[in-house]
Amino acid sequence: MNIFTKKPTAKEALRESRREMNNATRGIEKEIGALQLEEKKLLAEIKRTAKTGNEAATKVLARQLVRLRQQIANLQGSRAQMRGIATHTQAMHAQTSVAVGMKGASKAMSAINKVLDEIGVDIASQLSTAPKGRIATKRTEDASSSGLDELEQRLAALRNP
């Protein structure tokens, strides 16, 4: 570690981490592809030895195939873990971004409160005296019911010419 270099920012650290994770994931995928190709060759070899009747060689090749499939499964698990870690680091970065935004918003709100206090406006008392939402919903219900009544009258007028 070089003490003369500056400490990377969170964004730079995320970018570097993502790059390393992608490289590692690509390496694992390349290894999985090579093992799958080897698996196909091994299956063809097992079929050839089984046709010739060489039972001992077929058993040895079958054991190799089982080990090869276990390796592939392990590598696929590793790849899934790498992707999970990458997703987790991305989520952590998003969470820190939201925290920074909330910090800025709280600073702005405190500044607004200071200005309103200097003016003499008390928001809490005005909000407590404001009408509640239930009253507004009753008004809309009354308006909608009168609208329904009007529609019913029009329909009745159309039915009875």
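## Glu39, a buried residue of H1

Glu39 counts as buried because its relative accessibility is 15%, and the cut-off for that class is under 20%. The residue belongs to helix H1 of what is a predicted model. When neighbours within four places in sequence are left aside, Glu39 is in contact with Leu65, Leu68, Arg69 and Ile72.

One of these partners, Ile72, can also be described from its own side: not counting residues up to four places away in sequence, Ile72 touches Ile32, Leu35, Gln36 and Glu39. Ile72 is itself one of the buried residues of H2.

## Overall architecture

The protein has four helices and zero strands, so that, under the DSSP-based assignment of elements, the order from the N terminus on reads α-α-α-α. Of its 161 residues, 10% count as buried, and the exposed area comes to about 13400 Å², of which carbon and sulfur atoms supply 59%.

Among contacts in the protein with a separation of 6 or more, 72% are accounted for by residues 24 or more positions apart.

## Helix H2

Helix H2 spans residues 55-119, which gives it 65 residues, and it reaches 95 Å from its first C-alpha to its last, close to the 96 Å expected at 1.5 Å a residue. At the N-terminal end of H2, Asn54 acts as a cap, with a side-chain oxygen placed 3.5 Å from the backbone nitrogen of Ala57.

The buried residues of this helix are Thr58, Leu61, Leu65, Leu68, Ile72 and Met82, and what covers them includes helix H1, which runs over residues 10-52. An α-helix has 3.6 residues a turn, so residues three or four places apart point the same way. Thr58, Leu61, Leu65, Leu68 and Ile72 are among the buried positions to which that spacing may be compared.

## The largest nonpolar core

The largest nonpolar core holds 11 residues in all, namely Met21, Ile28, Ile32, Leu35, Leu42, Ile46, Leu61, Leu65, Leu68, Ile72 and Met82. The elements that give two or more residues to this core are H1 and H2, and H1 gives the most, with six residues. In soluble globular proteins, nonpolar side chains tend to be buried together.

Several members of this core, including Leu65, Leu68 and Ile72, are also contact partners of Glu39. Ile32 and Leu35, likewise members of the core, are among the residues that Ile72 touches.

Notes: Residues numbered from 1 in each chain as written. Predicted model: local features only at pLDDT ≥ 70, side-chain atom pairs only at ≥ 80, totals over all residues. Heavy atoms only, no water. Buried < 20%, exposed > 50% of the residue type's maximum accessible area, 1.4 Å probe, protein only. Contact = heavy atoms within 4.5 Å. Areas by Shrake-Rupley, 256 points an atom, 1.4 Å probe, with all protein chains shown as cover. Expected span 1.5 Å × (residues − 1). Polar contact = N/O pair within 3.5 Å; in protein donor to acceptor, adjacent residues only side chain to side chain. Core = buried A, V, L, I, M, F, W, Y, C linked by side-chain atoms within 4.5 Å.
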